[in-house]
Amino acid sequence: MTKTAVVTGGTRGIGLAITQQLKAAGYKVAALYAGNEAAAEAVRKDLGVLCIKADVGDFEAVGAAFAEIEKTLGPIEVLVNNAGITRDGMLHKLTPGQWSEVIRADLDSVFNTSRHVIDGMRERNFGRIINISSINGQKGQMGQTNYSAAKAGVIGFTKALAQETARKGITVNVIAPGYIDTDMVAAVPEKALEGIIASIPVGRLGKAEEIAGAVLYLASDGAAFVTGSTLTINGGQYIAG
Ligand code: NDP
């Protein structure tokens, strides 16, 4: 039977590649986005995907969006927590607003979405939750105390929920991408980006499709024994044990 998948931030960058690959693999797909209407409209038009504007940092808004998705496409069986933002700054200059915006969008969001699907997944004895963390949640990054904390939090969340749900046929895994060629990385100053690429053993940025392929695997029935794991995909930039 065709499964229903939700991709947060599924209209641009890595999320768009995930949406495309899930759709191509036959899933019924819905994408959440924050406000870029042009990107969402293109996904609706080109892929026929249900795109809903909903702030993943807002528990009630996520609940309303997920209710609409389940009414239209059926129970959510695959949840990909991909939406995320950066608000960089050294801690001695970081504002409370920059701190909480990132924690809200990158970490609170994972609770907000997972909490809304977990009862249904437990009742049906099946579910796949795939979280997108970051290399910078694994190794820390100067200028990103907020982002590194949120992304490390996502890894801890994954490990705890994986243990809670393993007996219920629900797997929970996290992917930690390195630097991937998207709008988020395009915002990095050119000189800094050159330095980053020089530090990647593979010698290039990653491609969004290379993260999407891993999501497809983790969502598959064949990955039923993989849970609580952190999949590091970074061109060898940080080799995590
Ligand atoms: P982009 O900035 O290219 O796209 C982000 C997507 O998330 C957009 O669809 C955006 O919607 C959506 N989004 C952002 N905030 C919210 C929100 N509050 N509610 C709903 N949707 C939201 O990001 P990337 O594709 O580069 O990154 C995707 C994920 O991968 C993020 O979690 C990021 O932290 C992580 N990551 C990225 C890396 C990279 O090098 N690019 C490296 C490691 C991790 P809209 O289009 O409406 O703005």
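**Entry 1. Aromatic pairing**

I began with the aromatic rings and found a count of 1 aromatic pair. The partners are Phe 59 and Phe 111, and I noted the pair as stacked because the ring centres are 5.9 Å apart and the planes stand at 20°. I then placed the two residues: Phe 59 belongs to helix 3 (residues 59-73) and Phe 111 to helix 4 (residues 96-124), so the pair ties together parts that are 52 residues apart in sequence. I should record here that the model is predicted.

I also looked up the accessibility of each ring residue. Phe 59 is partly exposed at a relative accessible area of 29%, and Phe 111 is partly exposed at 43%.

**Entry 2. Phe 157**

I turned next to Phe 157, which I located in helix 6 (residues 145-165). Its relative accessibility is 22%, and I entered Phe 157 as partly exposed. Which residues does Phe 157 contact, once neighbours within four places in sequence are left aside? I listed Val 110, Phe 111, Ser 114 and Asn 131. Phe 111 of this list is also a member of the stacked pair with Phe 59.

I checked one distance from Phe 157 as well. Its C-alpha atom is separated by 22 Å from that of Arg 87, a residue 70 places away along the chain.

**Entry 3. Asn 125**

I examined the backbone of Asn 125 and found phi near 55°, a positive value in a residue other than glycine. Asn 125 sits in the loop that runs between helix 4 and strand 5 (127-132). I recorded Asn 125 as partly exposed, with 44% relative accessibility.

**Entry 4. Arg 128**

I followed the chain to Arg 128, which lies in strand 5. Is Arg 128 buried or exposed? I found Arg 128 buried, yet without a salt bridge. The nearest side chain of opposite charge is that of Asp 221, at 4.4 Å. The cut-off for a salt bridge is 4 Å, so a separation beyond that limit does not qualify.

I then asked what the side chain of Arg 128 reaches on the backbone. One of its polar atoms lies 3.3 Å from the backbone oxygen of Leu 218. The backbone oxygen of Ala 219 is reached by the Arg 128 side chain at 3.4 Å.

I drew up the wider contacts of Arg 128, leaving aside neighbours within four places in sequence. Among them are Glu 77, Val 78, Leu 79, Met 121, Gly 169 and Thr 171. The contacts also include Leu 218, Ala 219, Ser 220, Asp 221, Ala 223 and Ala 224.

**Entry 5. Salt bridges**

I counted 9 salt bridges in the structure. I looked at Asp 221 again and found its side chain in a salt bridge with that of Lys 3 (3.4 Å, N to O). Asp 221 lies in the loop between helix 9 (208-219) and strand 7 (230-233) and Lys 3 in the segment before strand 1 (4-8), so this bridge ties together parts that are 218 residues apart in sequence. I noted Asp 221 as exposed, with a relative accessible area of 52%, whereas Lys 3 counts as buried at 18%.

I next looked up Arg 44 and Glu 41, whose side chains meet in a salt bridge at 2.9 Å, N to O. Both are in helix 2 (residues 37-47), 3 residues apart, and are thus separated by about one helical turn. Arg 44 is partly exposed at 27% relative accessible area, and Glu 41 is partly exposed at 42%.

I then took up the salt bridge of Lys 191 with Glu 194, where the closest N and O atoms are 3.4 Å apart. I placed both residues in helix 8 (residues 190-198), 3 residues and about one turn of the helix apart. Lys 191 counts as exposed, at 67% relative accessibility, while Glu 194 is partly exposed at 43%.

**Entry 6. Ligand surroundings**

I closed with the ligand. How many residues surround the ligand, and which are the closest? I recorded 29 residues, the closest being Arg 12, Gly 35, Asn 82, Tyr 147 and Thr 182.

I looked up individual polar atoms around the ligand. A polar side-chain atom of Arg 12 is 2.7 Å from a ligand oxygen atom. For Gly 35, a backbone N or O atom lies 2.7 Å from an oxygen atom of the ligand. A polar backbone atom of Ala 54 lies 3.4 Å from a nitrogen atom of the ligand.

Note on methods: Residues numbered from 1 in each chain as written. Predicted model: local features only at pLDDT ≥ 70, side-chain atom pairs only at ≥ 80, totals over all residues. Heavy atoms only, no water. Phe/Tyr/Trp six-rings, centres within 6.5 Å; stacked < 30°, edge-to-face > 60°. Helix = DSSP H or I, 4+ residues; strand = E, 2+ residues; numbered from the N terminus. Buried < 20%, exposed > 50% of the residue type's maximum accessible area, 1.4 Å probe, protein only. Lys, Arg positive; Asp, Glu negative; His and termini not counted. Polar contact = N/O pair within 3.5 Å; in protein donor to acceptor, adjacent residues only side chain to side chain. Contact = heavy atoms within 4.5 Å. Near = heavy atom within 4 Å.
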